[in-house]
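Biologist: Could you walk me through this model, one question at a time? I am new to reading structures, so please go step by step.

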Amino acid sequence: ADLFEKNFDLVAKEAQNDAVSFMVSYYKGTDNRDKFRKWVAKRGELLLEAGEIDAAIECYEECDIFSLDLNKLVFFADTRFEKGNIENSLKWYDHAYEISKDPSFIKGVADKFFGIGQTEVAITWYERYITFEQTEEVVAILRDHYIRNKLDDKAAELFDEYFDLIEEGAK
């Protein structure tokens, strides 16, 4: 009975994959983009369940990725980042940023890129971060970057913010 059930599950899964693949192919040639996106997303889910992460990401890139939840977007971004595909990971992180303006997420992305020497990318994310929260650490990173790159107006502005933070901390 176990062998029958195992084979039945395998056949059912293959039939489901085939059916979904058929629906993707069918709607790809039509003007019904909503149905196409729906079936591509479903195919992406099946691939993700099967552990085929790269293929799942490719599916989600074809459909409306904004319909994904934040956890999937971050998972895909992290996967691309870990594989060294910086350009693609940025795209996924940007999509996640559109959904969540969570300061800890934003700082985490900035720290990742700063840690691998992608300073310009990190600075962009740190600048996003300070619109929500200002910490001595991030203000100091930005200030130093602006001074090194002779962005005097931005540096002066951050000096003011930095000293305000120090004064607040001393109170």
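Modeller: Gladly! A salt bridge here is a side-chain nitrogen of Lys or Arg within 4 Å of a carboxyl oxygen of Asp or Glu. Keep in mind as we go that this is a predicted model.

Biologist: How many salt bridges does the count come to by this rule?

Modeller: Side chains of opposite charge can pair when their charged atoms come close. Applying the rule to this chain, the count of salt bridges comes to 5.

Biologist: Let's start with Lys112. Which side chain does Lys112 meet in a salt bridge?

Modeller: Lys112 sits in helix H6 (residues 103-115), and the pair links distant parts of the chain, with the partner 34 residues apart from Lys112 in helix H4 (residues 70-82). The N to O distance of this salt bridge is 2.8 Å, and the partner of Lys112 is Asp78.

Biologist: Is Lys112 buried, partly exposed or exposed?

Modeller: Buried means under 20% relative accessible area and exposed means over 50%, with partly exposed in between. Lys112 has 28% relative accessibility, so Lys112 counts as partly exposed.

Biologist: Lys107 and Asp111 also meet in a salt bridge. By about how much of helix H6 are they separated?

Modeller: Their side chains meet with an N to O distance of 2.8 Å. Lys107 is buried at 14% relative accessible area, while Asp111 counts as partly exposed at 29%. Because Lys107 and Asp111 are 4 residues apart in helix H6, their separation is about one helical turn.

Biologist: Which residue forms a salt bridge with Arg143?

Modeller: Arg143 is buried, with a relative accessible area of 12%, whereas its partner counts as partly exposed at 33%. The closest N and O atoms are 2.9 Å apart, and the partner of Arg143 is Asp144.

Biologist: And which residues do salt bridges with shared partners join into one network?

Modeller: We have already met two members, Lys107 and Asp111, as a pair. Sharing partners brings in one further residue, and the network consists of Lys107, Asp111 and Glu137.

Biologist: Let's turn to Thr79. Which residues is Thr79 in contact with, leaving aside its neighbours within four places in sequence?

Modeller: Thr79 lies in helix H4. With a relative accessible area of 10%, Thr79 is buried. Beyond those sequence neighbours, the contacts of Thr79 are Ile53 and Ile57.

Biologist: How many residues does the largest nonpolar core have?

Modeller: Trp92, Tyr93, Phe105 and Trp125 are among the residues with the most contacts inside this core. Helices H3 (53-62), H4, H5 (86-99), H6, H7 (119-129) and H8 (136-148) each supply at least two of its residues. Leaving aside neighbours within four places in sequence, Trp125 is in contact with several residues, including Leu90, Tyr93 and Phe105. The size of the largest nonpolar core is 30 residues.

Biologist: How do H5 and H6 run, roughly parallel or roughly antiparallel?

Modeller: Residues of H5, including Leu90 and Tyr93, meet residues of H6, including Phe105 and Val109. The two axes come within 11 Å and cross at roughly 170°. An angle over 145 degrees counts as roughly antiparallel. That is why H5 and H6 are described as roughly antiparallel.

Biologist: Last one: how many helices does the chain have?

Modeller: Read along the sequence, the pattern is α-α-α-α-α-α-α-α-α. The chain has 0 strands, and its number of helices is 9.

Definitions and conventions
Residues numbered from 1 in each chain as written. Predicted model: local features only at pLDDT ≥ 70, side-chain atom pairs only at ≥ 80, totals over all residues. Heavy atoms only, no water. Buried < 20%, exposed > 50% of the residue type's maximum accessible area, 1.4 Å probe, protein only. Contact = heavy atoms within 4.5 Å. Core = buried A, V, L, I, M, F, W, Y, C linked by side-chain atoms within 4.5 Å. Axes fitted to C-alpha atoms, helices over the stretch in contact; angles between N-to-C directions. Parallel < 35°, antiparallel > 145°, perpendicular 65-115°, else oblique.
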